[in-house]
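The exercises below invite you to read a protein model step by step, from its overall layout down to single residues. Please look at the sequence and the structure before you try each task.

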Amino acid sequence: MKHAFIISLCLVFLQISGLNADPYFMCFLNDKNPNNGFSVYFPEEGRASHLLYKGKTEYIPLKFIKTKESKGRAYTDVYYEYFNGSHNGTYEFEFDGNWVYVYYTRKKDGKKFTYTIDNELSTYEGNPYRNTACFW
């Protein structure tokens, strides 16, 4: 079991470090507590693959589930969060123009959390998005 965890951790690192040349990160802050935030890693093809909470060092893998279309230009991508090999919750990324909202539902108790992109923090050195995580 310990070996499987180490192998999984190595695969996550290789997946993050060895992906396409132009990955980017978006920065999100909790709507109720701006001290709580996370970075989301997007490989070049545009799907989120990992998430890193502020103050943490371990990336959480995300698994794309589906896209839900909305009226107008908005759409929502749904991801499952996997931590230590278990499905712990669901992230819904709602894209609406320059704004991105994230709704997280924790699986164990159904508690919901809402996050909003911090466009200023996400922008870095004149680029629309960062090439490094937002919080260390």
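**Exercise 1. The layout of the chain**

Which pattern does the protein chain follow when it is read along the sequence?

Solution. Keep in mind at the outset that this is a predicted model. Begin by counting the elements: the protein chain has two helices and eight strands. Then put them in order along the sequence, which gives the pattern α-β-β-β-β-β-β-β-β-α. As a last step, turn to burial and surface: of the 136 residues of the protein chain, 35% count as buried, while the chain exposes about 8,500 Å², of which carbon and sulfur atoms supply 53%.

**Exercise 2. The nonpolar cores**

Find out how many residues the largest nonpolar core has, and which elements give two or more residues to it.

Solution. The largest nonpolar core has 21 residues, and those with the most contacts inside it are Phe 28, Phe 38, Tyr 91 and Phe 93. The elements that give two or more residues to this core are the strands β1 (24–30), β2 (37–42), β3 (50–53), β4 (60–69), β6 (86–96), β7 (99–106) and β8 (112–117). Another core, of five residues, lies apart from it, and its members include Phe 25, Tyr 41, Leu 52 and Tyr 59.

**Exercise 3. An aromatic pair**

Work out why the pair of Phe 38 and Tyr 53 is edge-to-face, and which strands hold the two residues.

Solution. The structure holds 16 aromatic pairs. In the pair of Phe 38 and Tyr 53, the ring centres are 5.2 Å apart and the planes stand at 65°, so the pair is edge-to-face, because planes over 60 degrees apart count as such. Phe 38 lies in strand β2 and Tyr 53 in strand β3, so the pair ties together parts that are 15 residues apart in sequence. Both residues, Phe 38 and Tyr 53, are buried.

**Exercise 4. The surroundings of Val 102**

Decide whether Val 102 is buried or exposed, and list what it touches.

Solution. First locate the residue, which is in strand β7. Val 102 has a relative accessible area of 0%, and therefore it is buried, since buried means under 20%. Leaving aside residues up to four places away in sequence, Val 102 touches Phe 28, Phe 38, Tyr 91, Glu 92, Phe 93, Phe 113, Thr 114 and Tyr 115. Finally, consider Thr 90, twelve residues from Val 102 along the chain: the C-alpha atoms of the two are separated by 10.0 Å.

Conventions. Residues numbered from 1 in each chain as written. Predicted model: local features only at pLDDT ≥ 70, side-chain atom pairs only at ≥ 80, totals over all residues. Heavy atoms only, no water. Core = buried A, V, L, I, M, F, W, Y, C linked by side-chain atoms within 4.5 Å. Buried < 20%, exposed > 50% of the residue type's maximum accessible area, 1.4 Å probe, protein only. Helix = DSSP H or I, 4+ residues; strand = E, 2+ residues; numbered from the N terminus. Phe/Tyr/Trp six-rings, centres within 6.5 Å; stacked < 30°, edge-to-face > 60°. Contact = heavy atoms within 4.5 Å. Areas by Shrake-Rupley, 256 points an atom, 1.4 Å probe, with all protein chains shown as cover.
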